[in-house]
Amino acid sequence: NYKSNISEYLYLDDQIFLSDDDIDFVNKASFFLSSEKCIDLYTYDSPLLYLLKKPSCSRFSFLWSLGSIKNQREYIQSLKDTKFIITDGKTDNWSIVPFEIKYPLLDNFIKENFTNEFVIGSRKIKFKN
C-alpha cells in the first residue's frame, strides 16, 4: 500500500494537515503579504515559508541555525531591507532558552525596528514604520 498511499498524500491539499488556527493564519497572512517577494521569520515555524509560498529574504530560513553573535549580526544586516517578519510561532516554546536570551542582538533589533504588528491568532506579522 505504500506506493498508493504516498501518491495519495502527495496530492492532498496542505490544509488537510493543518489545524484551524494554522489555516486561518495562512489564509490571512497570504492575503496580507501577497505583494511581497519574500518574508523573514523570527520563529521556529519554518514550514510557514512553504505554506505562504514565499522564500526567505535571507539565508536564515531556519532560526535553529542562527546561534552565534556573528550570524545574528549577518541576519540583522539582511533585515535592514526587510519590511515584514513573522514572530511568535507555535513551535517557539519547544526551546528551553527564550529568544531574548538565545538571540539577544537580533531580539533587540526586531523590538526596536519592527514596532507595528498585525496579529493573527497566536502569531504576529511585524513591520517597520
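**Close-up 1. What lines the largest cavity of this predicted model: two nonpolar, two polar and four charged residues.** The model is a prediction, so keep that in mind for every view here. The residues around this cavity are D21, D24, F25, K90, I120, G121, S122 and R123. Helix 2 (residues 20-32) supplies the largest share of that lining, with three residues.

**Close-up 2. The cavity as an empty space, at about 40 Å³.** Searching the whole structure turns up one cavity of 30 Å³ or more. Rolling a probe the size of a water molecule over the atoms is what shows where empty space is left.

**Close-up 3. The largest pocket, with a volume of about 250 Å³.** Its lining takes in 15 residues, and Y42, T87, D88, F99 and D107 sit closest to the centre. Three elements each hand over two or more lining residues: helix 5 (99-102), helix 6 (104-113) and strand 4 (123-127). Helix 6 chips in the most, with three. Sorted by type, the lining of the largest pocket has five nonpolar, three polar and seven charged residues.

**Close-up 4. The second largest pocket, at about 190 Å³.** Around it you'll find L18, D22, Y44, D45, P47, L48, L51, W64, K90, T91, W94 and R123. Here helix 3 (residues 47-51) brings the largest share of the lining, again as a set of three residues. The mix for the second largest pocket is seven nonpolar, one polar and four charged. Look out for K90 and R123, which line this pocket and also turn up around the largest cavity.

Notes:
Residues are numbered from 1 along each chain as its sequence is written. This is a predicted model: local features need pLDDT of at least 70, side-chain atom pairs count only at pLDDT 80 or more; totals for chains, interfaces and linings use all residues. Side-chain values use heavy atoms; hydrogens and water are left out. On a 1 Å grid over the protein atoms alone, a cavity is a set of points where a 1.4 Å probe fits but cannot get out, and a pocket is an open set with protein on both sides within 12 Å along at least five of seven lines; lining residues have an atom within 4 Å of a point. Grid points are joined across faces, edges and corners, and a volume is the space filled by probe spheres set on the points. Helices (H or I, at least four residues) and strands (E, at least two) are DSSP runs, numbered from the N terminus. Ala, Val, Leu, Ile, Met, Phe, Trp, Tyr, Cys and Pro count as nonpolar, Asp, Glu, Lys and Arg as charged, and the others, Gly among them, as polar.
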